[in-house]
Amino acid sequence: MTEPNFDKCLYFTVSKLNRTITRIAEEEFSRIGLSPTYAFLLMLVNSTPGITPTELSEKLFVTPSTITRFLDKLEGKGLVQRKGAGKRICVHPTEQSLVMQEKLDAAWDSLCPRYFELFGEEMCRELSRVAKEAAEKAK
């Protein structure tokens, strides 16, 4: 039996790349005590006070139940507040999360240079373009 060539498998190659870029993002955001996904969610809430959980789910490409769990955790840390008006729930930043924005920005700003150093700027831009295009087709 021949050994399978996983490098020809989209799932395998994308997962392999994902582990590398995730490790870098985790290193950067761990300095402020958040995972990248929590940080991205918080950046959206800070920049869009009153955003709904549904909008967060759509922007972050995660299920509504996952957004609920993330919001529970961030609310427990005092970083967001959910306010309801009838059936509509809106998410607002707290003063603590707004103060944290500068650190969030610094971690965010450090990602591209690290990716550029590893892969080169041209490859990073092309990977981002192709990944965005593929994600749009998968909707």
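Gln-81 stands opposite His-92 in strand E2. That pair belongs to a hairpin in a predicted model, where local features need pLDDT of at least 70, side-chain atom pairs count only at pLDDT 80 or more, and totals for chains, interfaces and linings use all residues. Residues are numbered from 1 along each chain as its sequence is written, and side-chain values use heavy atoms, with hydrogens and water left out.

**The hairpin**

Strand E1 covers residues 80-85, and strand E2 covers residues 88-93. They run antiparallel, joined by 6 bridges. Two strands count as paired if DSSP finds at least two bridges between them. The hairpin has 2 residues between its strands. Gly-86 takes a positive phi there, near 70°.

**The whole chain**

The protein chain has 6 helices and 2 strands. Both kinds of element are DSSP runs, numbered from the N terminus: helices are H or I with at least four residues, strands are E with at least two. The order from the N terminus is α-α-α-α-β-β-α-α. Along its principal axes, the C-alpha trace spans about 60 × 30 × 25 Å.

Of the 139 residues, 30% are buried. Buried means under 20% relative accessible area, exposed means over 50%, and partly exposed lies in between (1.4 Å probe, protein chains only). A contact means heavy atoms within 4.5 Å. Among contacts with a separation of 6 or more, 55% join residues 24 or more positions apart.

**Helix lengths**

The expected span of a helix is 1.5 Å times one less than its number of residues. Two helices can be checked this way.

| Helix | Length | Expected span | End C-alpha distance |
|---|---|---|---|
| H1 (residues 10-30) | 21 residues | 30 Å | 29 Å |
| H4 (residues 64-76) | 13 residues | 18 Å | 18 Å |

For H1, the distance agrees with the expected span. For H4, it agrees too.

**Helix H4**

Which residues of H4 are buried? They are Thr-66, Ile-67, Phe-70, Leu-71 and Leu-74. These residues cover an arc of only 135° around the axis, so they lie on the same side of H4. The arc is taken from the directions from the helix axis to the C-beta atoms. The buried residues pack against helix H2 (36-47), helix H3 (53-60), E1 and E2. Gly-78 follows H4, and its phi is positive, near 75°.

**Helix H1 and its neighbours**

H1 buries Ser-15, Ile-24, Ala-25, Glu-28 and Phe-29. Their cover includes H2 and H5.

Two packed helices are described by the angle between their axes and the distance between the axes. The axes of H1 and H2 come within 9 Å and cross at roughly 60°. Axes are lines fitted to C-alpha atoms, for helices over the stretch in contact, and angles run from 0 to 180 degrees between N-to-C directions. On the H1 side, Ala-25, Glu-26 and Phe-29 take part. They meet Pro-36, Ala-39, Phe-40 and Met-43 in H2. The residues of this contact divide into 6 nonpolar, no polar and 1 charged. Here Ala, Val, Leu, Ile, Met, Phe, Trp, Tyr, Cys and Pro count as nonpolar, Asp, Glu, Lys and Arg as charged, and the others, Gly among them, as polar.

Is Glu-28 of H1 buried or exposed? Glu-28 counts as buried, because its relative accessibility is 5%. Not counting residues up to four places away in sequence, Glu-28 touches Ala-107, Ser-110, Leu-111 and Arg-114.

Ala-106 sits in helix H5 (residues 95-119). Its relative accessibility is 46%, so Ala-106 counts as partly exposed. Ala-106 and Glu-28 are 78 residues apart in sequence. In space they are 8.8 Å apart, C-alpha to C-alpha.
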